[in-house]
Amino acid sequence: MVEEMSFCVRDVMQRPLFQRARLIAGKNGGYREVRWVHILEITHAAPYVSKNDLILTTGLWLKRSVQSGLDYMRQIIDHETAGLCIEFGTTVDEIPEEIITLCDNHDFPLILFRQPVRFEEITQDIHSYLINRHFGLMKKLEEFSQKQQQLILQSTDIPAILRLLQKYAEGQIIYLSSIKSNKFYPAVERETAEAINSFCNNKLKNFDQINEMEIWEIDETHYILIQPVICFGQVFSYIGLMIHLPLPTEYTRLLLDYASKAVATVLLRTQFLEEKILRNQNELIQDILSQQIDSEEQAQMRMGLPSPDENRYLFIGGIIEFEHNVLEAGPERMETMNQDLSVLIRSLLNRFQMHHLMMMKNNQIYLLCAKEKLNGQSAESLKRSILRLISGLKRFVEEALGGLNFHAGFGKTRNQLVETWKSFKEAYQVIEVSQAVPAMKHCCFYDKIGIYQLLKAVPQPFIHVFVSDQLSSLIAYDRLHHLDLVQTLGVYFKFMGSKGETAKALFIHRQTLYNRLEKISDILGEDFFEPQKRYCLEMALLGYELLGDNR
């Protein structure tokens, strides 16, 4: 196993100079890795030791007191040193029982030389071994990296990369995918695979919850070193290595890190190739938008659905619109960003197992998604997947594109693909509402925009006239006197005439609100809160907000 390549205390005990040494405490700490040897006699050890140092001493610090010795030991234990070697006969002739107990409790190896030994010979021996060993491991890593690069240049075969990793790691490799079934290299018995899959599924409640290397404990002698494969800031899969110790070596970590980057490269290249091929689907979306397809079966076949069937799938159309800064980004940068966004969105759609068509047009991406009607929750399941898609996209643009603004809109679900042109029309309306109405900024589904469905269905000139008839005098007074009477009226209606809540929401004194309401009453009439008039005014306020700068 690869973790046995770690140079540990148990390996130190096999060196020739340690043949007459004895491990008198911390016998369970033989796995502790040794990276350097340090000779230390002073009592204040903390500033001079590092993690994984093997410390050599004559025990001069033991001459003071047992308490002094315990303080010294706690320092080097807290600094996670590898162990302590003490030479008997030079300055000390016994080790207090309290120190032996402390070492046993912390699994901290305490090695005793009962006869004089030359510390410089020990340091020369172990340092030479460590340097040569490190050089050998670096050569092996370089060899692994070169072979991995050859595989990447030759094909897009992820299993080949994982088999190469298995060869160099000398352990069981597990590939956890968000799209396909988990794979094992080498293959394992069905019962073993099911047990490991169950364990991993329990660990990964949300597939993308881990974004850096972790160690999962199966039991006291079995662990999984897990490394995420990240593309565009999203976790698309994990590579796991079964190990038998809780402290993997740097060599092991680097192997997994190299492999995860290689798999990410292949995934990205595969997605870019697919993107080029799938651009032909643009024609189908164009035909749907222009209502040029009459046959549902033909439409589903062109979409590439596994089993075209009028009653098997649920469809939804949507648009994602990006607000590029053309002057700042430039045409080349914009094209690169659009390509990255397109690949990311398609990867997320695959990850969430949605059949889809996708078309990019200028700063807009058209999405047509399909999901099988497996149960009564198909529509909600489809929407949940879309929300996860938008969440993943938002995370990427915030981290990689400086918070590029975008709006997403999706129409109602449809039972027929040929009817999804209506969904795209509705999606446009969702985006327009989300851009114009602050309260609807994060709304992305047509059936969630409520009364705005009706307002978007009314011709805009009619809304202009209606708003003018109901609110023109109030709007004119605001422009002349800057009293925010229109906003005040909207908030007053929102809180059902509660003056306390209205004043609080507007951050004004209650008397100020009374003055505004009196002025509104003078302009609109004292009956402005009566049901029939209030309905008209509330609708006009919504229309006024929706018209935005166009009014």
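# A guided tour of strands and helices

Begin by selecting aspartate 219 and histidine 222: within strand 9, histidine 222 is the bridge partner of aspartate 219. The model is predicted, so local features need pLDDT of at least 70 and side-chain atom pairs count only at pLDDT 80 or more, while totals for chains, interfaces and linings use all residues. Residues are numbered from 1 along each chain as its sequence is written, and side-chain values use heavy atoms, leaving out hydrogens and water.

**Stop 1: strands 8, 9 and 10**

Select residues 214-219, which form strand 8, and residues 222-231, which form strand 9. Strands (E, at least two residues) and helices (H or I, at least four) are DSSP runs, numbered from the N terminus. Strand 8 and strand 9 pair (DSSP finds at least two bridges between paired strands) in the antiparallel sense, over five bridges. Two residues separate these strands, and together they form a hairpin.

Next, add residues 234-243, strand 10, which pairs with strand 9 in the antiparallel sense over nine bridges. Isoleucine 230 stands opposite valine 235 of strand 10. Strand 9 and strand 10 also make a hairpin with two residues between them, and there phenylalanine 232 has a positive phi near 55°. Is strand 9 mostly covered or mostly open? Eight of its ten residues are buried (under 20% relative accessible area, with exposed over 50% and partly exposed in between, for a 1.4 Å probe and protein chains only), and strand 9 is therefore mostly covered.

**Stop 2: the five-stranded sheet**

Now display strands 1 to 5, which form an open sheet with mixed pairing in the order 1-5-4-3-2. Strand 1 (21-25) and strand 2 (36-39) are at the edges; each has a single partner strand, so one side of each lacks a neighbour in the sheet. On average, neighbouring strands here are turned by 25° against each other, direction ignored.

Within the sheet, strand 3 and strand 4 run parallel and are joined by four bridges. Select leucine 56 and cysteine 85: in strand 4, cysteine 85 is the bridge partner of leucine 56.

**Stop 3: helices 2 and 3**

Select residues 66-78, helix 2. Why do its ends lie where they do? At 1.5 Å a residue (times one less than the number of residues), its 13 residues should span 18 Å, which agrees with the 18 Å between its end C-alpha atoms. Colour its buried residues: Ser68, Gly69, Leu70, Tyr72, Met73, Ile76 and Ile77. These pack against strand 3 (53-57), strand 4 (83-87) and helix 3 (97-105). Just after helix 2, select glutamate 80, which takes a positive phi of about 55°.

Turn then to helix 3, which lies across strand 1 and strand 5 (110-113) and runs at about 80° to strand 1. Axes are lines fitted to C-alpha atoms, for helices over the stretch in contact, and angles run from 0 to 180 degrees between N-to-C directions.

**Stop 4: arginine 15**

Arginine 15 is in the loop between helix 1 (9-12) and strand 1. Apart from its neighbours within four places in sequence, arginine 15 is in contact (heavy atoms within 4.5 Å) with Phe7, Asp125 and Tyr129.

**Stop 5: helices 16 and 17**

Finally, select residues 499-506, helix 16, and residues 510-524, helix 17; their axes come within 9 Å and cross at roughly 105°. Lys499, Gly500, Thr502, Ala503 and Leu506 of helix 16 meet Arg510, Leu513, Tyr514, Arg516 and Leu517 of helix 17.
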